Amino acid sequence: MEEIKVISLEEIKERAKGTVIPIPDWDDKGTIYVRVKPVDVTGKLLTAGVLPNTLKVEVAKAFEGAAKLDADKIDVNLNKIIPLLDTIVSEALVEPSYEEIQNILPLTLNQKLTIFNHVMGEVKQLAPFRA
């Protein structure tokens, strides 16, 4: 039987350095690579007063059951989501930093969504722990 070990601080430090991921180039014809780190989006989502649709669905299921879920009634408030997207992408980008990129050639919505989806993908991986 394999021994269960507590994660070491060194491993946490290593994970905090982030992961290199591909995102679309500015013209959507190629790919560039950036380093992103895990981001705790909980506070940002609550402060902005929005939940991504995937989390809205999970919350609705938890409180109302899957049978009562009407996906058409899940609204998206872009006035809240775009600033939230910028905040999360800004925190997630490690190398180059969000500010460095924005000062030279601002990220496109597609690039931001790719980074956001990577961060939210990490949140989705936690779904088994919520069950």
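This talk walks through the fold, the core, the sheet and a few backbone details of one protein chain.

Let me say at the outset that what you see above is a predicted model, and that every value I quote is computed from that model. I will begin with the overall layout. The protein chain holds seven helices and three strands, and if you read along the sequence you meet them in the pattern α-β-β-α-α-α-β-α-α-α. Of the 131 residues of the protein chain, 24% count as buried, while the accessible surface comes to about 9,400 Å², with 57% of that area belonging to carbon and sulfur atoms. As for the contacts with a separation of 6 or more, 57% of them are made by residues 24 or more positions apart.

Starting from the N-terminal side, helix α1 covers residues 9-16, and because the number of buried residues among its eight is zero, this helix lies largely in the open. After α1 comes Gly18, which has a positive phi, near 100°.

Now to the interior. Which residues touch the most other members of the largest nonpolar core? They are Val36, Val89, Leu93, Leu107 and Ile115, in a core that has 19 residues. The elements that give two or more residues to this core are the strands β1 (19-24) and β2 (31-36), together with the helices α4 (78-92), α5 (98-104) and α6 (109-124), and the largest share, five residues, comes from α4.

Leu107 deserves a slower look. Leaving aside residues up to four places away in sequence, Leu107 touches Ile23, Trp26, Val89, Leu93, Tyr98, Ile101, Gln102 and Lys112. The last of these, Lys112, lies in helix α6. Is Lys112 buried or exposed? The relative accessibility of Lys112 is 12%, and since the cut-off for buried is under 20%, Lys112 counts as buried. With the same exclusion of residues up to four places away in sequence, the contacts of Lys112 are Leu85, Asp86, Val89, Tyr98 and Leu107.

Let me turn to the sheet. The three strands form an open sheet, ordered β1-β2-β3, with antiparallel pairing. The edge strands are β1 and β3 (93-95), each of which pairs on one side only. On average, and with direction ignored, neighbouring strands of this sheet are turned by 55° against each other. Between β1 and β2, which run antiparallel, there are six bridges, and one residue we have already met takes part in the pairing, in that Ile23 has Ile32 in β2 as its bridge partner.

I will finish with two backbone details, and the background to both is a general one. Most residues other than glycine have a negative phi, and most peptide bonds are trans. Asp28, which is not a glycine, nevertheless has a positive phi of about 60°. This residue, Asp28, sits in the loop between β1 and β2, and it is described as partly exposed because its relative accessible area is 47%. Where, then, is the cis peptide bond? A cis peptide bond joins Glu95 and Pro96, with omega about -15°, and Pro96 is found in the loop between β3 and α5.

Methods:
Residues are numbered from 1 along each chain as its sequence is written. This is a predicted model: local features need pLDDT of at least 70, side-chain atom pairs count only at pLDDT 80 or more; totals for chains, interfaces and linings use all residues. Side-chain values use heavy atoms; hydrogens and water are left out. Buried means under 20% relative accessible area, exposed over 50%, partly exposed in between (1.4 Å probe, protein chains only). Helices (H or I, at least four residues) and strands (E, at least two) are DSSP runs, numbered from the N terminus. A nonpolar core is a set of buried Ala, Val, Leu, Ile, Met, Phe, Trp, Tyr and Cys residues joined through side-chain atoms within 4.5 Å. Contact means heavy atoms within 4.5 Å. Two strands pair if DSSP finds at least two bridges between them. Axes are lines fitted to C-alpha atoms, for helices over the stretch in contact, and angles run from 0 to 180 degrees between N-to-C directions. Accessible areas come from the Shrake-Rupley method with a 1.4 Å probe; for residues, only the protein chains shown count as cover.
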